[in-house]
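Biologist: Could you zoom in on one part of this model and walk me through it, starting from a single pairing and working outwards?

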Amino acid sequence: MRPYGDTTGDGMVQVSFTLPVPHDKRAEGAAVQLANKMGMDPAMVVHAKAMGDGFTFFVVYGRVNHLVDLDAVRVVERDFALLSAKEVNTVVKQRLRRKLSVVGACIGTDAHTVGIDAILNVKGIAGEKGLEYYRELKVTNMGAQVSVPELVETARAEKADAVLVSQVVTQRDAHLHNTREMSAAFREAMPAGRRPLLIVGGPRFDESMTDELGVDRIFGRGTTPGEVASYLVHALITQRKAMA
C-alpha cells in the first residue's frame, strides 16, 4: 500500500528536520534538495522558521513512491491479558500473598519524570490511575536523576519484585547507555533468582531490544498503567506458576 495525503494512494508524506543554516531562500532550497535525496519528488517547503543563530527548522510535504508491505512488519505483540485494577489486586493477594513491591525512577541525568509519574502516581494518565492506586502494590517512586547504585540499593532495601525505569533523554543514545549500565549493575549485585524484573520505557526505545539491553520488558509510547500492572502479574505470578 502507499501513504495517504490528499487522496487515497497518492503517496504524499510530511517530514520535519533542522539544518544548520540561516533561514533564507538558499536554506529552503537545501531543504528541498535533502527531501529529493530522501525520495520525495516533488517536494515543497510548507514551513520554515529560524531556530536560533544559524539554524532553520523545516516542514516538507511531498510524494514518495515507496510501498509498505504489512506482511513484512515485525513488532512485539502483547502476550499477556489486560486486567482491571480489581483483577490485579485479587491475583496478587491470592497468589503472591503479600504486596508486590515496585521501585521506579529516571536514571542518569534524565530529569523528565512525566513518564514514570504517569505510570506510578495515583493520578495516572488519561483518566487511568497509576500503580499507587493498586492496594496490593507497594510503590516507591525515586523521581529524577537517580544514580544506578542508588537504584540498586533502594531495590534491595525495598525487596523489589520489579524495577521500572523511564528514559526520555535520548541524545547520543543516552537511554541505551543508561539501560545497559543499569542491567549490568543488577546482574553484578544480585543472583538471577533474586533479581527484580527490569522494565524500561520511553518514546525512543525499540521494544525488540530486550536481550540486547539486558532487561525483561520494554514499553514504548502510549503505555498505560494498566498495561504495566497486567504485565507484572503475568511475569511475576501467572507465568512463574505455569513454569513451576
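**Strand β7 and its surroundings**

Modeller: Let's start with one pair: Leu-164 stands opposite Ile-199 in β7. Before going on, the small print: this is a predicted model, where local features need pLDDT of at least 70 and side-chain atom pairs count only at pLDDT 80 or more, while totals for chains, interfaces and linings use all residues. Residues are numbered from 1 along each chain as its sequence is written, and side-chain values use heavy atoms, leaving out hydrogens and water.

Back to the pair. Leu-164 sits in β6, which runs parallel to β7, with 5 bridges joining the two (strands pair if DSSP finds at least two bridges between them). Another partnership here is Val-163 with Leu-198 in β7. Strands, by the way, are DSSP runs of E with at least two residues, and helices are runs of H or I with at least four, numbered from the N terminus. The connection goes through helix α5 (residues 174-189): β6, α5 and β7 make a right-handed β-α-β unit. Right-handed here says that, with the strands pointing away from you, the path from the first strand over the helix to the second runs clockwise.

Now the cover on β7. 5 of the 5 residues of β7 are buried, so the strand is largely enclosed by the rest of the structure. Buried is under 20% relative accessible area, exposed is over 50%, and partly exposed is in between, with a 1.4 Å probe and protein chains only. Leu-197, Ile-199 and Gly-201 point one way from β7, and Leu-198 and Val-200 point the other way. β6 is mostly covered too, with 5 of its 5 residues buried: Ala-162, Leu-164 and Ser-166 point one way, Val-163 and Val-165 the other.

Each of these strands has a further neighbour. β7 is joined by 3 bridges to β8 (residues 217-219), running parallel, and Gly-201 stands opposite Phe-219 there. β6 pairs with β4, again in the parallel sense, over 4 bridges; Ala-105 has Val-165 as its bridge partner in β6.

Helix α5 deserves a look as well, and Ser-183 is a handy residue in it. Ser-183 has a relative accessible area of 1%, so it is buried. Contact means heavy atoms within 4.5 Å, and leaving aside neighbours within four places in sequence, Ser-183 is in contact with Leu-198, Leu-213 and Gly-214. That brings us back to Leu-198, one of the residues of β7.

What about the nonpolar packing? A nonpolar core is a set of buried Ala, Val, Leu, Ile, Met, Phe, Trp, Tyr and Cys residues joined through side-chain atoms within 4.5 Å. The largest such core has 27 residues, and Leu-120, Leu-131, Leu-137, Leu-164, Leu-197 and Leu-232 touch the most other members. Elements giving two or more residues to this core include β6 and β7, along with α2 (85-96), β4 (100-105), α3 (114-120), β5 (137-141) and α7 (225-243). α7 has the largest share of this core, at 8 residues. Leu-137 touches Val-88, Val-92, Leu-100 and Leu-131, not counting residues up to four places away in sequence. Apart from this core lies another, of 22 residues, among them Val-148, Leu-151, Val-165 and Met-209.

For contrast, take Gln-14 in strand β1 (residues 12-19). Gln-14 has a relative accessibility of 58%, so it counts as exposed. Its contacts, neighbours within four places aside, are Val-59, Val-60 and Tyr-61. Gln-14 is 28 Å from Val-114, C-alpha to C-alpha, and 100 residues away in sequence.

Zooming out, the protein has 7 helices and 8 strands. Its radius of gyration is 22 Å, well over the 18 Å that the globule rule gives for 244 residues, so the protein is more spread out than a compact globule. That radius is taken over C-alpha atoms, and the rule is 2.2 Å times the number of residues to the power 0.38. Along the principal axes, the C-alpha atoms fill a box of roughly 65 × 40 × 35 Å. Of the 244 residues, 40% count as buried. Among contacts with a separation of 6 or more, 64% come from residues 24 or more positions apart.
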